[in-house]
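Opened the notebook on this one today. I wanted to go through the chains and write down what I looked up, step by step.

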There are 2 protein chains.
Amino acid sequence: MPSLVDLVLHGASELLTLGRGAVPRRKEALRDLGSIRGGALAAEGGKVVDVGTTEEIRDRFRGRQEIDACGKTVLPAFVDAHAHPCFAGDRAAEFEMRCAGASYEEVASRGGGILSTVAATRGASREELVRLTRRRLDRFLSLGTTLLEAKSGYGLSLQDEARSLEAIAEAAANHPVEVSPTFLGAHAVPPEFRSDRKGYMRLLVEGMLPEVARRRLAESCDVFLEKGAFDREEARAILERARGLGLRLRVHADQLSSGGGAELACELGADSADHLEFVSDRGIEALGGSDTVAVLLPGVPVFLRKDRDAPARRLIEAGAAVALATDFNPGSCYCPSMAEVLAFARLRLGMTAAEAISAATVNAAFALRRPDRGRLAPGCRADLVVCDVPGPLALGSGLGASPVETVAAGGKVVARA
Amino acid sequence: MPSLVDLVLHGASELLTLGRGAVPRRKEALRDLGSIRGGALAAEGGKVVDVGTTEEIRDRFRGRQEIDACGKTVLPAFVDAHAHPCFAGDRAAEFEMRCAGASYEEVASRGGGILSTVAATRGASREELVRLTRRRLDRFLSLGTTLLEAKSGYGLSLQDEARSLEAIAEAAANHPVEVSPTFLGAHAVPPEFRSDRKGYMRLLVEGMLPEVARRRLAESCDVFLEKGAFDREEARAILERARGLGLRLRVHADQLSSGGGAELACELGADSADHLEFVSDRGIEALGGSDTVAVLLPGVPVFLRKDRDAPARRLIEAGAAVALATDFNPGSCYCPSMAEVLAFARLRLGMTAAEAISAATVNAAFALRRPDRGRLAPGCRADLVVCDVPGPLALGSGLGASPVETVAAGGKVVARA
């Protein structure tokens, strides 16, 4: 007699469980999707209770809700481990300038770039930031993402950074997308400190970080380590202080130039080093020997019209734990779709379909240190996507249109295309 | 007293009419979107009857159906002037091979590529082809395209080409997306004629073309003029015969190598020369002086991992009528979204937002010789999209997610995101 559970999904042409083996996935293990042909899944109380073939699961369970996934591919919902979803305004005029030939760095040096979004975000009410962020969470959800890292970094004052982090928490309250909030006060030096970098460093280290930690506004602290942003010693000072206050660490590393960001991230035990287009040989080696995840953002060079991509194959060969993310933000990658990121990872980084899928699920969850996400194994949260493709090779084999048809979070269907 | 009409749309932050000036748009005229701030539109009997400010239109009309476009940008529905929507099977395994380093040409020379889709399409029933094509039309519609060129070319026998064209017609019957069918028997030489090119040329010219024309299965005839496909003299023979039978002409020109395709298209008075990544200086000059539209497909090099893009800026400067299209097909561009194509046109071709919008609407309609499409002027068909962006600069400024919220065709709302 089958047990009655909240959800039974059945008939998937392939159910990609990502359930076997050590976490994070490295090297060949990235290609092991734990696929079950004719797969099915049962969920109860928000968690996966069993996976197997459709016959096996049907013998054991009946669902209060059932999903017929016949002919479709089912996988863990996407985890997006690097995103900036809380901002006001847009950068459409800057996009037009860049397409006419201006570089991202030129736009920034002319007072555009991040600082133009800072001005718009400072000028928006908290309610407006909540509304804008919540609409974006809706969009992420419809595209199959149910766990999202969410950075501040467009406030750059104690009050404005706190307001962004509060807006992120309020937008995510009772929303199917869970957020992992990150404090990114070290995104840029704000205009009022242009001639007083040390003053802004003091504010970050002595003012903002203790307040963010005390009020538990963020899980992690991130630094944009880059020419024109923060240098390695500044980054070290900020991250060491953050670690001392109990925050976890992330680093925007080696995006536009080689700055030793990957090495620093590994040295400090950061959860992730992100971007890595210009990572050094020593940085690759360091990532290969650590639990600091290499979070690759292959939509960014497309959006910034740059030729240089992160050396994904070398990172994988070195044994790094590679993850993928959107870097969703208004200036350097206005793309909320992890399926699109899978396509760019395949086309531009030379990752296989299986590697890209592991990187967008189980390894991305590890980058956020959420061991119950990104896999469909008993005890994991029942967050999954049903995609209108026959198998994993077709995921990320198209552009501009999402394959995600149905999204479940915590064992409940929360979005349908 | 306002008149009662089928549809009133009001309150658009910008209504892009594309209504002024000569068709096709060339040079500076490509940038004239005929924008009305606070714009509104009235439609009756499937056609636009008036456009103006919201106040003007509200004074004159009431709608049986009303669309509130407050804060949104409204423009003519997209016209996709180059697509291959009728096929069976997929090319996901080939995509994986290409991402591992194999070129499109290598894949084709190993019996993959177009011929693998020919095998799958020949093996599918007519009903299956109708079902697959109709599902794709649904997807195009949800992404804002209401007029679609639809090529055969995966049959390559009299019977199989006719079956594809019949399936296209049946899929489009009573569908909001109108199709413009094109006969592309000259897509590749099929395997059974591998050692008898002349035999296939005879079949094309003496067998298929007269039958396609007699049964009015297509409006146009296209040829893939390329190394490994058909050479210039073969293309000329096919196109001259097609023209003699009353078919309109299109050419796959200068995509992977410089083959004189643009010059031939202009010489024969073709409606379009498509691709043009390797167009010669003489080809650019010829297009600048003709009504043969330069249909650019900027998603294709992204999908094929190629660096070379069509010289859009030189074509525009030379006075060519430039249009944009997806080239939707399973092998070289699995992308049905014209919004994504706008983004690639801006990022890769350096087109401005306004140029790209004109190229995706009014000029694309001209490429299919549909003068009542691609503009929102009195007498034109009331096909429009409501996009969740504040103005034209934001169209095509993101990737992977469609800005299209509402689609109307013939004055009726036919899709909502």
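Here are my entries, from the single chain to the pair and back to a few local details.

**Entry 1: what I'm looking at**

I started by reminding myself that this is a predicted model. I then pulled the secondary structure of chain A and got 15 helices and 16 strands. Next I checked the radius of gyration of chain A, which is 21 Å, close to the 22 Å that the globule rule gives for 417 residues, so the chain is as compact as a globular protein of that length. I also took the extents of the C-alpha trace of chain A along its principal axes, and they come to about 75 × 45 × 45 Å.

**Entry 2: how the copies are related**

What turn lays chain A on chain B? I superposed them and got 180 degrees, with a shift of 0.0 Å along the axis and an RMSD of 0.0 Å. The two copies are thus related as by a two-fold rotation axis. I then asked which residue of chain A comes closest to that axis. A:Gly400 does, with its C-alpha at 2.2 Å.

**Entry 3: the interface, by area**

I listed the contacts and found 34 residues of chain A touching 34 residues of chain B. I compared the two lists: 100% of the interface residues of chain A are also interface residues in chain B, so the copies meet through the same surface. For the area, I noted that chain A and chain B bury about 2,900 Å² between them, with 58% of it on carbon and sulfur atoms. Which three residues of chain A supply more of its buried area than any other three? They are A:Glu96, A:Leu347 and A:Leu399, and they supply 22% of what chain A buries against chain B.

**Entry 4: the interface, by charge and polarity**

I counted four salt bridges between chain A and chain B. I looked into a pair between A:Arg346 and B:Glu96, which form a salt bridge with the closest N and O atoms 2.6 Å apart. I also counted residue pairs in polar contact between the two chains and got 12, with both residues at pLDDT 80 or more.

Then I asked which elements give two or more residues to the side of chain A that touches chain B. For chain A these are helix H2 (92–99), helix H5 (126–142), helix H11 (299–304) and helix H13 (338–349). H2(A) gives the most, with five residues. I sorted this side of chain A by class too, and it has 18 nonpolar, eight polar and eight charged residues.

**Entry 5: a salt bridge inside chain A**

Over all chains I counted 80 salt bridges. I picked the one where the side chains of A:Lys72 and A:Asp388 meet at 3.4 Å, N to O. A:Lys72 lies in the loop between strand E4 (61–68) and strand E5 (73–76) of chain A, and A:Asp388 in the loop between strand E14 (384–387) and strand E15 (404–409) of chain A, so the pair ties together parts that are 316 residues apart in sequence.

**Entry 6: backbone oddments**

I went through the backbone and noted a cis peptide bond joining A:Val23 and A:Pro24, with omega about 0 degrees. A:Pro24 is in the loop between strand E1 (3–16) and strand E2 (35–44) of chain A. I checked chain B as well: a cis peptide bond joins B:Val23 and B:Pro24, with omega about 0 degrees.

Last, I looked at phi of A:Arg369, which is near 55 degrees, a positive value in a residue other than glycine. I placed A:Arg369 in the loop between helix H15 (362–367) and E14 of chain A.

Key: Residues numbered from 1 in each chain as written. Chains lettered and ligands numbered in written order. Predicted model: local features only at pLDDT ≥ 70, side-chain atom pairs only at ≥ 80, totals over all residues. Heavy atoms only, no water. Least-squares fit on C-alpha atoms with pLDDT ≥ 70 in both. Contact = heavy atoms within 4.5 Å. Buried area = accessible area lost by both parts, 1.4 Å probe. Polar contact = N/O pair within 3.5 Å; in protein donor to acceptor, adjacent residues only side chain to side chain. Helix = DSSP H or I, 4+ residues; strand = E, 2+ residues; numbered from the N terminus. Nonpolar A, V, L, I, M, F, W, Y, C, P; charged D, E, K, R; others polar. Rg over C-alpha atoms; globule rule 2.2 N^0.38 Å.
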